[in-house]
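Student: I would like to go through this structure and test each label against its cut-off. Can we start from the model itself?

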Amino acid sequence: MTSIRHTPGIRTDEDALLDAARDCVLAVGLRRTTLTDVARRAGVSRMTMYRRWPDMATLVADLMTREWGELALQAQATATGRHTRERLVDGLANGVRRLREHPVFRRIVELDPEVLLPYLVDRRGTSQDRMLAALLATIAEGHADGSVRSGAPEPLAASLLLTLHGFVISAGTMTDQVTTAGLDSELRLLLDRYLAP
């Protein structure tokens with residue numbers, strides 16, 4: 001069975017189940033959450049859960065896709081700036097901050113950080129693929145209005161995403177040297193200078 005791939009911004013029947021999964025993860029972490037726990041919290045049968053997700057890995061993947069996708073859309077929708085590059089930098093910097101502060105992300109980092117490892121060293125997830133697609137489209141807009149430097153969009157988008165990984169995942173390792181607000185300010189500068197013509 002394949003997992004559902006949630007479309008950000010559109011509520012479905014599965015959202016109630018994903019909400020229950022989120023609540024379980026927040027309560028006890030990923031390793032201690034089972035499909036049975038999620039079914040119980042959602043008030044559905046175990047078979048309802050197993051028909052949609054064969055295991056916790058696919059459920060967690062869909063939960064992360066939904067949570068991060070909605071977060072990225074919110075950051076993009078509230079981004080400000082005079083031109084595409086400024087809006088892109090604002091959206092990315094705000095998205096990084098929001099993801100670092102997101103309760104599910106925080107809980108995963110605190111209790112089950114190994115869940116994130118495959119998405120950092122082995123393969124991209126759905127959320128990362130969607131982010132790359134959005135970056136490619138926005139870079140094309142920036143090329144059109146002259147606010148983003150010329151160059152093939154693919155390496156620009158990939159480099160941006162790799163940079164964001166570090167500021168999301170590893171920022172906590174630097175907070176003895178600088179505040180997260182200081183890191184966010186430096187991220188804005190780094191992104192703007194990287195993208196500037």
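Tutor: What follows is a set of short questions on the fold, one helix pair and two residues.

Student: What kind of model is this?

Tutor: The model is predicted.

Student: How many helices and strands does the protein chain have?

Tutor: The protein chain has 10 helices and zero strands. Along the sequence the pattern reads α-α-α-α-α-α-α-α-α-α.

Student: What makes the protein chain as compact as a globular protein of that length?

Tutor: Set the radius of gyration against the globule rule. The radius of gyration is 18 Å, and the rule gives 16 Å for 197 residues. These values are close, so the chain is as compact as a globular protein of that length. Along its principal axes, the C-alpha trace spans about 55 × 40 × 30 Å.

Student: How much of the chain counts as buried?

Tutor: Of the 197 residues, 42% count as buried. The accessible surface comes to about 10200 Å², and 55% of that belongs to carbon and sulfur atoms.

Student: Why are α4 and α6 called oblique to each other?

Tutor: Start with the angle. The axes of α4 (residues 56-77) and α6 (residues 103-111) cross at roughly 130 degrees. Roughly perpendicular covers 65 to 115 degrees, and roughly antiparallel needs over 145. The angle fits neither class, nor is it under 35 degrees, the cut-off for roughly parallel. The two helices are therefore oblique to each other. Their axes come within 10 Å.

Student: Which residues make that contact?

Tutor: Helix α4 contributes Met-64, Glu-67 and Trp-68, and helix α6 contributes Val-104, Phe-105 and Ile-108. They divide into five nonpolar, no polar and one charged. Glu counts as charged, so the charged residue of this contact is Glu-67.

Student: How do you know whether Ala-39 is buried or exposed?

Tutor: Compare its relative accessibility with the cut-off. Ala-39 has 1%, and buried means under 20%. Ala-39 therefore counts as buried. Ala-39 is located in helix α2 (residues 35-42).

Student: What is Ala-39 in contact with, leaving aside its neighbours within four places in sequence?

Tutor: Ala-39 is then in contact with Val-44, Ser-45, Arg-46 and Met-49. Its C-alpha atom is separated by 7.7 Å from that of Ala-20, 19 residues apart along the chain.

Student: Why does Asp-129 count as partly exposed?

Tutor: Asp-129 has 36% relative accessibility. Buried needs under 20% and exposed needs over 50%. The value lies in between, so Asp-129 counts as partly exposed. Asp-129 is found in helix α8 (residues 126-145).

Key. Residues numbered from 1 in each chain as written. Predicted model: local features only at pLDDT ≥ 70, side-chain atom pairs only at ≥ 80, totals over all residues. Heavy atoms only, no water. Axes fitted to C-alpha atoms, helices over the stretch in contact; angles between N-to-C directions. Helix = DSSP H or I, 4+ residues; strand = E, 2+ residues; numbered from the N terminus. Contact = heavy atoms within 4.5 Å. Rg over C-alpha atoms; globule rule 2.2 N^0.38 Å. Buried < 20%, exposed > 50% of the residue type's maximum accessible area, 1.4 Å probe, protein only. Areas by Shrake-Rupley, 256 points an atom, 1.4 Å probe, with all protein chains shown as cover.
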